[in-house]
Amino acid sequence: MHHLRDFSNVTAACDEITAKNAADFFLGASGGKNTERIKTGSAAAARGGYAAVCTMPNLNPVPDSIENLKAQLDIIKQDALIRVFPYGAITVGEKGETLSDMEGMAPYVCGFSDDGRGVQSDEMMLCAMTKAKSLGKIIAAHCEVNSLL
């Protein structure tokens, strides 16, 4: 998809942003009613002195494929007032059952996360971590065992 922005070099930027600015930004293109929007969230981040933020993938639709990610990238391109780097989902629908299209999304995301949900299968997480490593991306995991919650 040549018309999408190429974020293949943003992993280092996201690592630097995270290290310098320990804060979470829940910016959503089409998330729930309590999700900050790209335009207002990036404006608030800019006012707070941030030059860039990373967004989590708990959106509707979940960015688990290039098709779903494109909707978010289009809104970022249109509305972001600072640099906004999205995370792609680790698994389809953030359900922990099937790996997302990590390879297809890799050039456009800073990393992968099933934000707010722990991947419950050790085998699935190992596959995800192996794939992310091969793509030069990070996994931002919620390390939770749901059976203990």
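**Exercise 1.** In this predicted model, decide whether Lys131 is buried, partly exposed or exposed, and find out which residue it forms a salt bridge with.

*Solution.*
- Step 1: Start with the accessibility. Lys131 has a relative accessibility of 29%.
- Step 2: Compare that value with the cut-offs: under 20% is buried, over 50% is exposed, and values in between are partly exposed. Lys131 therefore counts as partly exposed.
- Step 3: Now look for the partner. Lys131 forms a salt bridge with Glu103, and the closest N and O atoms are 3.2 Å apart.
- Step 4: Place both residues on the chain. Lys131 sits in helix H5 and Glu103 in helix H4, 28 residues apart, so this pair links distant parts of the chain.
- Step 5: Treat Glu103 as you did Lys131. Its relative accessibility is 51%, so Glu103 counts as exposed.

**Exercise 2.** Work out where Arg117 and Glu94 lie, and say whether each is buried, partly exposed or exposed.

*Solution.*
- Step 1: Check the contact. Arg117 and Glu94 form a salt bridge, with 2.7 Å between the closest N and O atoms.
- Step 2: Find the two loops. Arg117 is in the loop between strand E5 (111-112) and helix H5 (122-134), while Glu94 is in the loop between strand E4 (83-88) and helix H4 (102-105). The pair therefore ties together parts that are 23 residues apart in sequence.
- Step 3: Look at the accessibility of each partner. Arg117, with a relative accessible area of 42%, is partly exposed. Glu94, at 3% relative accessibility, counts as buried.

**Exercise 3.** Find how many residues apart Lys70 and Asp74 are, and which helix they lie in.

*Solution.*
- Step 1: Locate the helix. Both Lys70 and Asp74 belong to helix H3 (residues 66-79).
- Step 2: Count along it. Lys70 and Asp74 are 4 residues apart, about one turn of the helix.
- Step 3: Check the side chains. Those of Lys70 and Asp74 meet in a salt bridge of 2.6 Å, N to O.
- Step 4: Add the accessibility. Lys70 is partly exposed at 23%, and Asp74 is partly exposed at 34%.
- Step 5: Compare with the total for the model. The structure holds 3 salt bridges.

**Exercise 4.** Is Gly41 buried or exposed, and how far is its C-alpha atom from that of Ala80?

*Solution.*
- Step 1: Find Gly41 in helix H2 (residues 38-47).
- Step 2: Read its relative accessible area, which is 2%. This is under 20%, so Gly41 is buried.
- Step 3: Look at the pair. Gly41 and Ala80 are 39 residues apart along the chain, and their C-alpha atoms are separated by 8.4 Å.

Conventions
Residues are numbered from 1 along each chain as its sequence is written. This is a predicted model: local features need pLDDT of at least 70, side-chain atom pairs count only at pLDDT 80 or more; totals for chains, interfaces and linings use all residues. Side-chain values use heavy atoms; hydrogens and water are left out. A salt bridge is a side-chain nitrogen of Lys or Arg within 4 Å of a carboxyl oxygen of Asp or Glu. Buried means under 20% relative accessible area, exposed over 50%, partly exposed in between (1.4 Å probe, protein chains only).
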